[in-house]
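Q: I'm new to this structure and would like a close look at just one part of it. Could you walk me through a single strand and what surrounds it?

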Amino acid sequence: MTNLLDDSKTDPFEVAELAAKRLAELTGVAAHDIALTLGSGWAKAADLIGETVATIDATELPGFSKPVVEGHVATIRSILLPSGKRALVLGARTHFYEGHGVRRVVHGVRTAAAAGVKVMVLTNGAGGIKETWKPGTPVLISDHINFTSTSSIEGAKFIDLTDAYSPRLRDLARSVDPTLDEGVYMQFRGPHYETPAEVQMAKGMGAHLVGMSTALETIAARELGMEVLGFSLMTNLAAGIQDHPLSHAEVLEAGREAEGRISALLAEIIGRI
Ligand code: HPA
């Protein structure tokens, strides 16, 4: 399938502007305030945060492509929150491991920014390195290690990533649930899970969570001046830390089991933003 973003001569921010314009036409909502990318285990939050006023197929917007992973849906929802704010739920995450390039990975974030969004909520399922965490534990992302060997920034733009995961939003999340723990998320390319040796390396480097998304999206959001709230659902202990091999089915199952609980928590946090 051809995608405007694949032509290196196209400006990805112009494609995001086009997508945001079409989004406004299709949803009837001129601008949005908050956007959410809901990873494994977080999808129910979309039903809990407010009233869905429009659902569109993401592939109707310039630059979006079909997701390849089971359990990921290519829809974008516009939701009216009780506060009167407008939220966009981006159900069409493109992962870096799909091999379509970083532009497609961060296009949802750029489209959200072009649609007026100031707060980007990024969620994922991840492997946990802290042995005290149990599968099903939601963890606030406090920082990341981008282990993809690439960046979402094009050109010589030097973006500050101190406090990339907004301390204000982390405090707000803890005001809803004071027991929330936080940790450093390390993005690997995937799609294979890590080896036990890689998990030990990640631990030595200061990571508490390993996964295959989020860091590149956060960098794109920070380039555009958005505040980022990041959440991992710890679906499993990382390879070599748990006593059995990893499976995608196990990750999905942990997501399903935790979904109601963590989605309700996220919805309550969104209500206070
Ligand atoms: N590693 C990478 N990504 C993941 C994991 C993991 O252990 N669990 C869920 N997503």
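In what sense do E5 and strand E9 (residues 227-237) pair, and over how many bridges? Please take E5 as the part to look at, and go on from there to whatever sits around it.

A: Sure! One thing to keep in mind is that this is a predicted model. To your question: E5 and E9 pair in the parallel sense, and ten bridges link them. If you want one spot to find on screen, look for Ala126, whose bridge partner in E9 is Met234.

Now for E5 itself. The strand covers residues 119-128, and nine of its ten residues are buried, so E5 is largely enclosed by the rest of the structure. Buried here means under 20% relative accessible area.

E9 isn't the end of the pairing story. Strand E1, residues 34-37, also runs parallel to E5, and four bridges join the two. There, Thr37 has Leu122 of E5 as its bridge partner. Then there's strand E8, residues 209-211, which pairs with E5 in the antiparallel sense over two bridges. In that pairing, Gly127 is matched with Val210 of E8.

Next, let's look at the ligand. E5, E8 and E9 are the elements that give two or more residues to the shell around the ligand, and E5 gives the most, with three residues. The residues around the ligand include Gly125, Ala126 and Gly127, along with Val210 and Gly211, and also Thr235 and Asn236. Among the others in that group are Tyr193, Glu194 and Met212. So you'll meet Ala126 and Gly127 again here: they have bridge partners in E9 and E8, and they are also around the ligand.

Zoom in on the ligand's nitrogen atoms and you can pick out some polar contacts. A backbone N or O atom of Gly125 is 3.3 Å from a ligand nitrogen, while for Gly127 a backbone N or O atom lies 3.4 Å from a ligand nitrogen. Asn236 uses its side chain instead: an N or O atom there is 2.7 Å from a nitrogen atom of the ligand. On its own, the ligand has 260 Å² of accessible area, and the protein covers 95% of that. The space the ligand takes is the second largest pocket.

Terms used. Residues numbered from 1 in each chain as written. Predicted model: local features only at pLDDT ≥ 70, side-chain atom pairs only at ≥ 80, totals over all residues. Heavy atoms only, no water. Buried < 20%, exposed > 50% of the residue type's maximum accessible area, 1.4 Å probe, protein only. Pairing = 2+ DSSP bridges. Near = heavy atom within 4 Å. Polar contact = N/O pair within 3.5 Å; in protein donor to acceptor, adjacent residues only side chain to side chain. Areas by Shrake-Rupley, 256 points an atom, 1.4 Å probe, with all protein chains shown as cover. 1 Å grid on protein atoms, 1.4 Å probe; cavity = no way out; pocket = protein on both sides within 12 Å on 5 of 7 lines; lining within 4 Å. Sits in = over half its atoms within 2 Å of the grid points.
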